Amino acid sequence: MSIDCKRIQAYCRRLNDVQQNLQSLDQWRRTGASNNQHIERLSPAHGGLLARFASGTEQDVDTAVAHAKALHVAGTWAALPGSERAKLLNRLAELIERDADRLAQIEAEEVGKPIVYAKGEVLWSAELTRFAASWPGRSRAKPTPHLGEDKLGLVTRQARGVVGLIVPWNFPMVCLFQKLPYALAAGCPVVIKPSELTSGTALEVARLATEAGFPAGLINVVTGSGSVVGERLTRHPDVSMISFTGSTRVGKQIAATAAGRPDPRGPGTGRQGGQRGIRRCRPGRSAGWRAVRRDPQPG
């Protein structure tokens with residue numbers, strides 16, 4: 001296999017400029033970690049340096065979650081009409097297709113897979129985004145007329161709040177898009193923790209989201225290790241839901257953490273059937289476990 005050294009060097013320079021992306025409430029900021037430390041990603045093909053990603057800290061996670069929570073409390077995204085959220089999601093899908101070759105190159109070089117497979121996963125991510133864009137218009141209030149002749153109940157759906165997305169190294173983009181567009185379609189801001197080995201596509205997606213017109217603070221990316229960034233994200237009191245794809249061992253740890261946390265909506269929800277669950281994906285779908293915390297629909 002021939003190696004295009006100039007292409008790899010250009011790729012390294014570009015990722016060094018986008019070491020970590022955090023969306024603040026008033027602008028898009030490209031910064032390093034608060035501790036100025038980095039994680040070096042070496043090529044699985046030839047061992048050369050591919051990129052340096054910021055090694056995020058607990059403080060970086062707190063900053064990202066604070067930005068996401070402020071956006072949610074302000075209603076900037078959740079209160080946006082579903083049709084408008086759908087337009088932005090469709091625009092993101094268009095940009096992913098436009099930059100499919102570049103995204104596939106990043107994924108192929110970081111993961112060490114054939115580029116034809118990487119590009120197929122990039123295009124699949126665009127299709128997942130379009131599918132998610134069809135959902136905001138389907139989420140309607142549900143009347144419950146069986147309460148009595150002079151009563152009418154109405155069940156509505158509300159955005160959960162900040163959602164943490166933890167993505168594995170082997171299918172970093174498509175696993176992200178099995179989570180990201182659906183959280184956005186539901187009106188939730190997100191904090192993404194990509195694998196420290198394959199963070200490039202997550203950072204590029206965040207850049208494309210800004211170009212598409214998504215509000216600042218909606219999509220936040222914090223790169224770094226699972227023991228620091230992932231651990232803080234799963235235990236953060238302002239994160240309402242965690243979606244995780246990865247090993248069974250870590251999935252069990254996240255499930256235990258979720259089960260032990262108090263419900264953010266107060267103790268009264270437990271009497272209405274509030275629960276926390278763990279779901280294992282079927283073979284052939286997302287690998288590993290997804291830990292979720294579920295509440296009853298408000299009504």
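## Cavities, ring pairs and two residues in a predicted model

The count comes to two cavities of 30 Å³ or more. The structure is a predicted model. The second largest cavity holds about 30 Å³ of space. Its lining is made up of Val 167, Pro 168, Pro 172, Leu 176, Ile 192, Pro 194, Ser 195, Thr 198 and Ala 202. Seven of the lining residues of this second largest cavity are nonpolar and two are polar, while no charged residue takes part.

**The chain as a whole**

The protein chain has 10 helices and 12 strands. It consists of 299 residues, of which 51% count as buried. Among contacts in the protein chain with a separation of 6 or more, 73% join residues that are 24 or more positions apart. The exposed surface of the protein chain is about 14300 Å², and carbon and sulfur atoms supply 53% of that area.

**Aromatic pairs**

A pair of aromatic rings is described by the distance of the centres and the angle of the planes. Across the whole structure, a search finds three aromatic pairs. In one of them, the ring centres of Trp 77 and Phe 214 are 5.5 Å apart and the planes stand at 45°, so this pair is tilted. Trp 77 sits in the loop between α2 (58-74) and α3 (82-98), and Phe 214 sits in the loop between α8 (200-212) and β9 (219-221), so the pair ties together parts that are 137 residues apart in sequence. Both Trp 77 and Phe 214 are buried.

Phe 131 and Tyr 182 form an edge-to-face aromatic pair, with 6.5 Å from centre to centre and 65° between the planes. Phe 131 belongs to helix α5 (residues 115-133) and Tyr 182 to helix α7 (residues 180-185), so this pair ties together parts that are 51 residues apart in sequence. Phe 131 has a relative accessibility of 44% and therefore counts as partly exposed. Tyr 182 is also partly exposed, because its relative accessible area is 28%. Ring pairs link Phe 131 and Tyr 182 with Trp 135 into a cluster.

The two pairs described above are set out here.

| Pair | Centre to centre | Angle between planes | Type |
|---|---|---|---|
| Trp 77 and Phe 214 | 5.5 Å | 45° | tilted |
| Phe 131 and Tyr 182 | 6.5 Å | 65° | edge-to-face |

**Ile 96**

Ile 96 is a residue of helix α3. Its relative accessibility is 0%, so Ile 96 counts as buried. Leaving aside residues up to four places away in sequence, Ile 96 touches Leu 103, Val 122, Ala 126, Thr 129, Met 173, Phe 177 and Leu 208. From Ile 96 to Leu 123 the C-alpha to C-alpha distance is 7.5 Å, and the two residues are 27 residues apart in sequence.

**Gln 37**

Gln 37 is placed in the loop between β2 (28-30) and β3 (38-42). With a relative accessibility of 47%, Gln 37 counts as partly exposed, because that class lies between the 20% limit for buried and the 50% limit for exposed. Gln 37 touches Phe 53, Ala 54 and Ser 55, when residues up to four places away in sequence are not counted. Gln 37 and Arg 52 are 15 residues apart in sequence, and their C-alpha atoms are 9.5 Å apart in space.

How values were computed: Residues are numbered from 1 along each chain as its sequence is written. This is a predicted model: local features need pLDDT of at least 70, side-chain atom pairs count only at pLDDT 80 or more; totals for chains, interfaces and linings use all residues. Side-chain values use heavy atoms; hydrogens and water are left out. On a 1 Å grid over the protein atoms alone, a cavity is a set of points where a 1.4 Å probe fits but cannot get out, and a pocket is an open set with protein on both sides within 12 Å along at least five of seven lines; lining residues have an atom within 4 Å of a point. Grid points are joined across faces, edges and corners, and a volume is the space filled by probe spheres set on the points. Ala, Val, Leu, Ile, Met, Phe, Trp, Tyr, Cys and Pro count as nonpolar, Asp, Glu, Lys and Arg as charged, and the others, Gly among them, as polar. Rings of Phe, Tyr and Trp (its six-membered ring) pair if their centres lie within 6.5 Å; planes under 30 degrees apart count as stacked, over 60 as edge-to-face and the rest as tilted. Helices (H or I, at least four residues) and strands (E, at least two) are DSSP runs, numbered from the N terminus. Buried means under 20% relative accessible area, exposed over 50%, partly exposed in between (1.4 Å probe, protein chains only). Contact means heavy atoms within 4.5 Å. Accessible areas come from the Shrake-Rupley method with a 1.4 Å probe; for residues, only the protein chains shown count as cover.
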